[in-house]
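Here is a protein chain to explore together. Take a moment to turn it around on your screen before reading on.

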Amino acid sequence: MSTGSARRAGTVAAVDLGATSGRVILGHVDQAAGRLELDHVARFPNGPVRLASGLHWDFTGLYRDLTRGLADAFRRDPAVASIGVDSWAVDYGLLRGDRLLGQPFHYRDERNARAVDRVHDVVPFAELYRRNGLQFLPFNTLYQLAAERDEPNGCLALADSLLLVPDLIGFELTGRRVAERTNASTTGLLGVHSGEWDDELIEQLGLPASVFAPIVAPGESLGALRPSVADELGAPAGVEVVAVGSHDTASAVVAVPMLAESAAYISCGTWGLVGVELEHPVTTDAAREANFTNEGGVDGRVRFLHNVMGLWLLSESVRWWERDGETIVLSELLAAAASVTGPVAVFDADDARFMSPGDLPGRIAEWCAEHGVPAPQSRAEFARSIIESLAEAFAGAVRQASVLSGVDVATIHVVGGGALNSLLCQRTADRSGLPVLAGPVEATAIGNVLVQARAQGLAQGSLEDLRELVAAAFEPRRFEPRAR
């Protein structure tokens, strides 16, 4: 990956926010010259905060850190043409006027589970799936809003607008309230075929339709920075914010250098999003029973995928082991895991017990005891068990995606942080029997950059044209399947 050039291409700034960290990255694009370069400007931590009311995001701290990063970006390159923001899905802030009504809830907060039955009593899940095409996840926004609606001290009745996290940041930057379509598709309140708010469903669930902002598509301008924000960032007047695939997976899929008719992708970070790209949603009973989701993609594509728990299993285990002050070096832990020669437990990575923060190694041991499987004994064995379980879950989801969608998968592309995990990539190849192409690691930021670049006239063409640019700039590592 290049980080600079004697001849600067057009420049845009990507704000890429994950569940554990955020970053600001400058993207330099010159499609005619085949140039796509990233310049990492800032990285900052992100994570939950436990308050008396529950588990929240520190949105004010997150906004402070990302604006500091953007100020650094404008100092580094004053010619930045636009800004795009992507983040994790489903979580939202409530506003009354310009005032944020409390810190946004974290999707892992326990309140969500209490609302699931209340929603399904009104609209059974089979009907929900027919309308929104989403797999069941207890933290999808509609369940969060049902919990918010029924809380004695909930803020929903006070709010005049609801904005998902990247749209909330866009509002703070520009003053415009919108709902970008790829992220709105994760709420459960968007019609899977119409791509618009399902007003009838919103009414059935007793939610106020007036709080939902107008839908915009990736590539649309949200307008220029507020003058006060431009001054704070040191940005020239007129720099605009562009809607990108604001769900981070939507941006990541833009940057998967794949042939969609024969490839599956795994966007692997805190979550492992395993699926294929389609032109039309699949809402069959078989897809519902397999818990596959149909989420909006850039250019109207459909991300037909299944959520696997992902590297959260490893990172939360490490956090638990480090709670008494010990430092664990991840590279050393993975090397030790790769050296484990005996069999290890392969557990159900999608088991709901692994959703909440806490003693994940203890819960893995609990799962093993319940299923008559010897539990890992050492940290290396726990790490290897997690890797093997994720690889098996990934391989199974790829097989299901192929059967349900009709895509004859010949290659698996792994992007995101998981592309750096050689053991996971190799074991996914081994367990699936398919070659794995790993990279780019910064797929989400690259997809964010490319949608902005196309909006600014720095690139043009279809997603396939943009992916050719990615393939030329970022050569993947190839993992061939080995005999198991």
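What follows is a walk through this chain, from its overall form down to single residues.

Please keep in mind that you are looking at a predicted model. Let us begin with the whole. The secondary structure comes to 17 helices and 20 strands. How compact is the chain that they belong to? Its radius of gyration is 22 Å, and the globule rule gives 23 Å for 484 residues; the two values are close, so the chain is as compact as a globular protein of that length. If you follow the C-alpha trace along its principal axes, it spans about 60 × 60 × 50 Å.

Next, think about inside and outside. Of the 484 residues, 60% count as buried. On the outside, the chain exposes about 18,300 Å², and carbon and sulfur atoms supply 51% of that area. The chain also carries 41 positive and 62 negative charges, and the mean positions of these two groups are 3 Å apart. Contacts often link distant parts of the sequence: among those between residues at least 6 apart, 72% join residues at least 24 apart.

Now let us step into the interior. The largest nonpolar core has 166 residues, and those touching the most other members are L36, I83, L189, W197, L225, L313 and L390. Helix α14, residues 379–405, gives this core its largest share, with 11 residues. Try finding I83 in the view. Setting aside residues up to four places away in sequence, I83 touches A13, V15, L70, F74, L225, L233, E240, V241, V242 and Q452. Of these, L225 is also among the core residues that touch the most other members.

A helix can be covered too. Helix α4, residues 141–150, has 8 of its 10 residues buried. They are T141, L142, Y143, Q144, L145, A146, A147 and E148. What lies over them? The cover of these buried residues includes the strands β7 (92–96) and β9 (161–164), together with the helices α2 (111–122) and α3 (125–132). As a general point, an α-helix has 3.6 residues a turn, so residues three or four places apart point the same way.

Let us finish with a single serine. S317 sits in helix α11, which runs over residues 312–321. Is S317 buried or exposed? Its relative accessibility is 1%, so S317 counts as buried, the cut-off being under 20%. Leaving out neighbours within four places in sequence, S317 is in contact with W312, L360, P361 and I386.

Note on methods
Residues are numbered from 1 along each chain as its sequence is written. This is a predicted model: local features need pLDDT of at least 70, side-chain atom pairs count only at pLDDT 80 or more; totals for chains, interfaces and linings use all residues. Side-chain values use heavy atoms; hydrogens and water are left out. Helices (H or I, at least four residues) and strands (E, at least two) are DSSP runs, numbered from the N terminus. The radius of gyration is taken over C-alpha atoms; the globule rule is 2.2 Å times the number of residues to the power 0.38. Buried means under 20% relative accessible area, exposed over 50%, partly exposed in between (1.4 Å probe, protein chains only). Contact means heavy atoms within 4.5 Å. Accessible areas come from the Shrake-Rupley method with a 1.4 Å probe; for residues, only the protein chains shown count as cover. Lys and Arg count as positive and Asp and Glu as negative; His and the chain ends are not counted. The place of a charge is taken as NZ of Lys, CZ of Arg, CG of Asp or CD of Glu. A nonpolar core is a set of buried Ala, Val, Leu, Ile, Met, Phe, Trp, Tyr and Cys residues joined through side-chain atoms within 4.5 Å.
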